[in-house]
Amino acid sequence: MFRTKRLDIKLVSAVILMSAFSSCKKISQKSQSVVYSDYAVFDWFDYRGNDDAYINLSKSESEYLNPILAGFYADPTICRVEDKFYLVNSSFCYFPGLPIFESTDLVNWKQIGNIINRREQADFGNSRLSGGMYAPTIRYHKGIFYVICTNVSGVGNFIVTAKNPAGPWSNPIVLPEVNGIDPDIFFDEDGKVYITHNGPPPNNVSLHDGHRAIYMLEYDLEKQKTTTAPKLVINGGTDMAKKPVWIEGPHVLKKDGFYYMICAQGGTGFNHSEVVFRSKNVYGPYESYASNPILTQLHLDPNRKNLISTTGHADFVELPNGEWWSVFLGCRPYEGDLYNTGRETFMMPVEWKNGWPEIKGGNEPIPMKNKRPNLPFSKEKIEPNNGNFIWHDNFDSNELSLKWNLIRTPSEKWYELTNGKLLIKPRKESIHTETNFSFIGRRQQHLKFQASIKLEFSPRDILQTAGLTAFQNEKHYFLIGKRLNSNGKEEVFVERTAEKINSGKSEIISKKELLDSDKTVFVKIEGNGRLYSFYYKTAQNADWVLLIKDVDGSILSTKEAGGFVGTYLAMYASSEHFEK
């Protein structure tokens with residue numbers, strides 16, 4: 001969790017070698033031992049969200065805003081322990097991974113940790129960014145929290161446990177008999193434990209494209225292993241005559257003598273939905289609800305106001321008063337099927353009709369505001385995760401905020417927090433490569449935003465650079481940075497990389513030579529839906545100078561870039577960013 005300990009340099013080196021960034025602990029050096037010229041020095045990072053939808057939206061105290069977690073927070077899973085709720089999201093190859101949030105009112109969510117925060121828990125190596133951690137499930141049983149998940153870049157399906165949800169979490173308990181993805185763990189009233197997961201069709205014979213199935217097997221908590229062979233419980237989805245695709249994300253719950261299984265169906269794109277089945281027996285046969293899907297936006301007018309699309313992959317939670325609520329993913333396109341913020345976490349109530357659960361309004365346009373759950377308001381002051389807000393980091397703490405992420409698991413220590421500055425070491429790894437390059441970023445959470453930094457950096461040769469990136473993956477990003485040009489002069493530049501433009505090769509789309517005295521530079525990225533603009537200045541109180549305006553930012557959309565993540569805004573440095 002990026003904890004800091006005051007250690008001398010020798011001990012820092014020993015810790016790095018022995019633990020390989022164990023616990024993602026923030027290890028700082030004493031200020032006099034840091035050679036600033038070896039680093040790109042960031043004085044602060046500023047983020048400002050200003051979505052039009054929120055400006056024109058008035059909300060009363062009895063209402064909440066959707067999404068409850070704005071930005072790339074996909075595949076939400078939720079559980080309740082007495083009067084507190086815990087929510088976890090997929091994180092793919094961002095590190096630390098599997099962010100965990102806590103709330104008492106389901107509206108205000110505080111991140112309390114990251115479940116995957118040690119190298120021995122997950123080493124993503126050189127995996128593609130959309131590998132890593134897929135679709136967790138969090139549950140609580142007899143004093144222990146369980147998270148079951150799939151590491152598609154490593155051990156496959158696994159379980160981690162903790163007595164404190166903030167951590168530490170155990171090393172993975174690997175489940176080699178559990179194939180496929182999206183596992184769920186269910187604790188039955190008779191003491192038996194079941195794991196349910198997506199997998200290939202029976203006998204690996206696909207009857208149509210996207211044909212998948214749901215399997216279930218028993219798990220022994222004491223022996224920490226499965227005890228039965230996987231049993232097919234749902235083949236294909238709701239109605240095989242209609243050739244359903246990508247049945248996945250199962251969650252099992254029990255109510256009034258029935259076992260209910262909710263699943264995502266239709267794939268993670270525009271056709272996404274949530275469906276439900278039930279049975280008197282945990283292994284089935286499971287009946288598909290006649291009114292499926294219980295959540296989808298597929299059939300609605302694509303030109304509706306405040307468009308929310310791609311809804312699905314839900315999880316349910318019961319409140320102490322008997323109310324039921326759902327969390328699920330959805331997207332906010334700025335036009336068509338283009339969205340840069342990734343898949344976000346939304347919330348809507350669940351109502352039971354004739355023994356079946358329905359997400360209330362799940363087949364109607366998902367509202368951006370809705371009536372709050374019947375729970376006491378949280379009294380804790382928590383940083384907002386939605387609405388328009390300003391978030392500023394002066395780096396005056398001895399640990400990185402939980403909002404920051406690296407890309408892939410680090411194998412060495414390459415940043416420092418000291419004297420109110422964040423120091424990032426330029427290394428040979430670059431943003432063009434599927435490595436753990438020097439990148440510290442946070443999510444883009446608005447369609448309309450500003451992100452800016454103050455940077456002190458003196459490049460030593462034409463290969464080095466440092467700056468601010470709007471990043472979707474290694475082949476789809478913008479970078480506004482500082483470098484040496486071919487004349488040996490420092491300049492600020494904007495780089496664009498996208499596969500649909502110049503076959504994914506980087507290109508400089510704007511640049512401006514700096515004066516010899518301009519050792520400090522401020523750079524800013526402004527996003528407005530599809531359009532991104534880039535600015536710089538060389539003094540705190542100076543006006544921003546436009547480098548290039550209204551560049552097509554659809555290269556950062558999931559539709560153009562592919563994968564399952566959303567855009568990050570990150571500080572970056574490399575010693576070999578440019579080709580020799």
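This passage walks through a predicted model, from its confidence scores to its pocket, its cavities and a handful of individual residues.

Confidence comes first. The protein averages a pLDDT of 93, and 94% of the residues score at least 70. The N-terminal stretch is another matter: over residues 1-32 the pLDDT is below 50. Even so, this stretch has 83 contacts in the model beyond near neighbours in sequence.

Next come the open spaces. The largest pocket takes up about 630 Å³. Its lining counts 21 residues, and those nearest the pocket centre are Arg-139, Tyr-140, Phe-186, Phe-187 and Leu-253. Several strands share the work of building this lining, with β5, β10 (133-141), β14 (184-187), β19 and β24 (309-318) each putting in at least two residues. Of these, β24 gives the most, with four residues. By class, the pocket lining splits into 11 nonpolar, eight charged and two polar residues.

As for closed spaces, the structure holds three cavities of 30 Å³ or more. The largest cavity offers about 50 Å³ of space. Its walls come from Ser-91, Tyr-94, Pro-96, Gly-97, Pro-99, Gln-111 and Asn-114, together with Leu-402, Trp-404, Asn-405 and Arg-443. The elements that supply two or more residues to this lining are β8 (97-103) and β9 (110-116). Nonpolar and polar residues number five each in the cavity lining, and there is one charged residue.

Strand β35 carries two threonines worth a look. Thr-465 sits in this strand, which covers residues 465-473, and Thr-469 belongs to β35 as well. Thr-465 counts as buried because its relative accessible area is 0%, under the 20% cut-off. Thr-469 is likewise buried, at 0% relative accessibility. What do their side chains reach? For Thr-465, the side chain comes to 2.9 Å from the backbone oxygen of Lys-482. For Thr-469, a polar side-chain atom lies 2.7 Å from the backbone oxygen of Phe-478.

The surroundings of the two threonines can be set out in turn, leaving aside residues up to four places away in sequence. Thr-465 touches Phe-457, then Leu-479, Gly-481, Lys-482, Arg-483 and Phe-493, and further along the chain Tyr-572, Ala-573, Ser-574, His-577 and Phe-578. The contacts of Thr-469 include Ile-431, Phe-439 and Ile-525, along with Tyr-477, Phe-478 and Leu-479. Thr-469 also touches Tyr-568, Leu-569, Ala-570 and Tyr-572. Leu-479 and Tyr-572 thus turn up in both contact lists.

Backbone geometry brings up a few oddities in the loops. Two cis peptide bonds precede prolines. One runs from Asn-66 to Pro-67, with omega near -5 degrees, and Pro-67 falls in the loop between β4 (63-65) and β5 (77-81). The strand that closes this loop, β5, is among those supplying at least two residues to the lining of the largest pocket. The other cis bond joins Gly-167 and Pro-168, with omega at about 5 degrees. Pro-168 is placed in the loop between β12 (156-162) and β13 (173-174).

Positive phi values in residues other than glycine show up at Asp-256 and Arg-408. At Asp-256, phi is near 55 degrees. This residue lies in the loop linking β19 (248-255) to β20 (258-265), and β19 is another contributor to the lining of the largest pocket. At Arg-408, phi is about 65 degrees, and the residue is found in the loop between β30 (406-407) and β31 (415-418). Is each of these two loop residues buried or exposed? Asp-256 counts as exposed because its relative accessible area of 63% is over the 50% cut-off. Arg-408, by contrast, is buried, with a relative accessibility of 0%.

One last loop residue is Lys-381, located between β28 (369-371) and β29 (390-393). Lys-381 is exposed, at 82% relative accessibility. Along the chain, Lys-381 and Lys-110 are 271 residues apart, yet their C-alpha atoms are separated by 9.3 Å. Lys-110 itself falls within the range of β9 (110-116), one of the strands that give two or more residues to the lining of the largest cavity.

Terms used
Residues numbered from 1 in each chain as written. Predicted model: local features only at pLDDT ≥ 70, side-chain atom pairs only at ≥ 80, totals over all residues. Heavy atoms only, no water. Buried < 20%, exposed > 50% of the residue type's maximum accessible area, 1.4 Å probe, protein only. Polar contact = N/O pair within 3.5 Å; in protein donor to acceptor, adjacent residues only side chain to side chain. Contact = heavy atoms within 4.5 Å. 1 Å grid on protein atoms, 1.4 Å probe; cavity = no way out; pocket = protein on both sides within 12 Å on 5 of 7 lines; lining within 4 Å. Points joined across faces, edges and corners; volume = space filled by probe spheres on them. Nonpolar A, V, L, I, M, F, W, Y, C, P; charged D, E, K, R; others polar. pLDDT = per-residue confidence, 0-100.
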